[in-house]
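Please read the following account with the sequence and the coordinates side by side, moving from one chain to the contact and then to the sheet.

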Amino acid sequence: MNAPIGLDPASMAERIQAEVQRAIQRSIKGVEYIASSGPSLGSTPKDVLHVRGTMSLYHYRPIADEIYRVPVLIVMATTNRGYILDMIPGQSFIEFLLKRGYDVYMLDWTAPRPEEKCLRMEDYVLDFIPDCIRRVQQDSGESDVTVIGYCFGGVLSLLYGSIFPDGPIKNLICFTTPIDFHEMKLFRNFSDRRYFDVDRLVDSIGNVPPEMILSSFEMLRPASRAAGQVQLWENIWNDEYVKSYRMFDRWATDTLPLAGEYFRAITKDLMWDNKLFNGTMSVGGRPADISRIKVPILHAVAEHDHIVPYDAAKHLIAKVGSADKEEVMLKGGHVSLVAGANAIKRLWPKLDSWLGGRSI
Amino acid sequence: MADKGNDPVAIWQAMIGEIEKGFNSFANQAMASPEFSKVVNQVGGATVSAQKQFGELMEKYLVSMNLPSRAQVVGMAERLQSIEGQLNEIKAMLHQMQSASGSADTGSAGALRPPRTRRPHPPGKAQK
């Protein structure tokens with residue numbers, strides 16, 4: 001009997017053989033997967049410069065023979081750990097920056113303790129960030145600092161930059177930073193003021209638990225975790241795939257709780273009243289209108305970002321007062337924009353070419 | 001190799017991808033409704049109240065069993081963190097003293113820093 005059109009019996013036999021081999025590999029590697037831990041993450045050599053409560057400031061040891069004059073401070077999102085930017089050698093944004101001659105610091109967060117439920121937006125914007133900038137200035141001996149904010153770290157950096165427009169920020173880089181929170185439609189619906197009693201939540205439990213934050217992220221793509229598990233099983237014979245899966249899965253599930261008062265402010269001022277977009281935001285009684293920002297700014301957004309959709313991020317560049325400003329849209333999602341193979345090819349070289357000339 | 005259009009593995013993978021997309025899209029539409037928000041927040045509100053009451057009950061139980069409560073363990077962790085913080089402060093002060101005593105540009109680890117003289121490479125020239 002003839003094979004159906006397009007089916008070559010020889011190649012099918014080859015394909016079946018490959019699949020049988022993969023099935024055997026799956027069984028062996030599946031056991032290895034369960035028995036072993038994932039790769040070690042965040043291992044680029046660094047020194048802890050300062051720790052205060054939920055805030056940690058790191059300095060990464062330079063590896064280039066000469067470095068740019070202006071140091072770089074990365075402000076991490078308050079919901080996630082900073083090691084997304086320092087996965088493993090060869091896939092680390094931090095390592096890339098160090099090799100390209102930047103002096104890199106990171107403001108990273110740990111889980112706020114129960115008594116830190118009282119931390120407010122002003123503690124982050126008017127205390128933690130200025131404190132870190134001051135320490136970066138002291139440590140580097142330079143007055144100018146470039147700030148890079150990832151996701152909500154970008155929002156905090158924008159708020160800081162709009163309250164202190166005269167410095168010391170020299171350049172501002174935002175990755176996937178929302179400013180129009182009414183365009184984060186699902187998050188907005190989850191926190192609909194008619195049904196979501198944020199006061200009751202915060203007053204009852206204090207800090208918002210990480211499970212709740214993680215669930216709200218996962219609800220944006222409810223089938224993706226299950227589909228990811230199926231894909232993992234199919235590719236478990238592939239060491240590179242498994243390594244990458246474990247790195248990103250570990251990071252994604254390593255979500256941080258949010259300080260209660262801070263979460264209350266995010267919900268009321270940003271989600272409900274959209275104050276950052278409307279230009280009516282204030283922090284600790286100080287106006288935080290992003291049109292006051294005049295420094296060079298680069299905003300990198302992802303084409304397929306399901307957490308911060310483009311509509312929520314697209315007005316940033318139009319609204320800042322800087323003359324030197326650029327938005328770059330790259331292929332990828334919220335995380336693959338900054339980490340992984342996609343970022344290595346696209347975002348990192350773009351950032352280097354933009355920042356190098358502005359760091360002297 | 002077999003044509004991708006006839007490869008059962010490729011077909012299976014494409015099918016999984018399509019199911020994922022379809023389900024996500026369907027769920028997103030459902031979750032965008034006010035009814036969804038109402039139900040989720042009602043359930044969430046009840047869970048929060050129950051969690052709070054359970055926590056208080058558990059606290060009493062642990063006291064009766066002469067076991068440390070979560071608050072006490074957290075208290076110990078806070079004291080440890082406070083000690084760590086003070087050590088970091090001392091370390092930072094030592095670095096400052098070291099920097100003040102020497103003229104060389106030293107870093108946070110006390111090691112010599114490279115000079116801040118780097119310039120971007122001209123366009124088209126590959127960097128290391």
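In this predicted model, chain B is built from three helices and has zero strands, so that its elements, read from the N terminus, follow the order α-α-α. Of the 128 residues in chain B, buried residues make up 5%.

The contact between the two chains draws on 53 residues from chain A and 47 residues from chain B. On the side of chain A that touches chain B, the elements giving two or more residues are α1 (9–35), β1 (46–52), α5 (185–190), α6 (198–205) and α8 (224–234) of chain A, and β1(A) gives the most, with six residues. Sorted by class, the residues on this side of chain A comprise 22 nonpolar, 11 polar and 20 charged.

One part of this contact can be followed helix by helix. Two packed helices are described by the angle between their axes and the distance between the axes. For α8(A) and helix α1 (residues 8–31) of chain B, the packing angle is about 170° and the axes are 10 Å apart. Because angles over 145 degrees count as roughly antiparallel, α8(A) is roughly antiparallel to α1(B). The residues that meet here are S224(A), A227(A), V230(A) and E234(A) from α8(A), and Q13(B), I16(B), E20(B) and N24(B) from α1(B). By class, this helix-to-helix contact has three nonpolar, three polar and two charged residues.

The strand β1(A), which gives the most residues to the side of chain A that touches chain B, also belongs to an open sheet of eight strands, whose order is β1-β2-β4-β3-β5-β6-β9-β10 (chain A) and whose pairing is mixed. At the edges of the sheet stand β1 and β10 (325–330) of chain A, each with a single partner strand, so one side of each is left without a neighbour in the sheet. From one strand to the next, the twist averages 15°.

Within the sheet, strand β3 (residues 72–75) of chain A and strand β4 (residues 104–109) of chain A pair in the parallel sense over four bridges, and the bridge partner of I74(A) in β4(A) is M106(A). Elsewhere, helix α15 (residues 347–355) of chain A lies across β5 (145–150), β6 (169–175), β9 (297–302) and β10 of chain A, and runs at about 160° to β6(A). The edge strand β10(A) is thus one of the strands that α15(A) lies across.

Key. Residues are numbered from 1 along each chain as its sequence is written. Chains are lettered from A and ligands numbered from 1 in the order in which they are written. This is a predicted model: local features need pLDDT of at least 70, side-chain atom pairs count only at pLDDT 80 or more; totals for chains, interfaces and linings use all residues. A residue is buried if 20 or more other C-beta atoms lie within 10 Å of its own, exposed if 12 or fewer, and partly exposed in between; C-beta atoms are placed from the backbone. Two residues are in contact if their C-beta atoms, placed from the backbone, lie within 7 Å. Ala, Val, Leu, Ile, Met, Phe, Trp, Tyr, Cys and Pro count as nonpolar, Asp, Glu, Lys and Arg as charged, and the others, Gly among them, as polar. Two strands pair if DSSP finds at least two bridges between them. Axes are lines fitted to C-alpha atoms, for helices over the stretch in contact, and angles run from 0 to 180 degrees between N-to-C directions. Angles under 35 degrees count as roughly parallel, over 145 as roughly antiparallel, 65 to 115 as roughly perpendicular and the rest as oblique.
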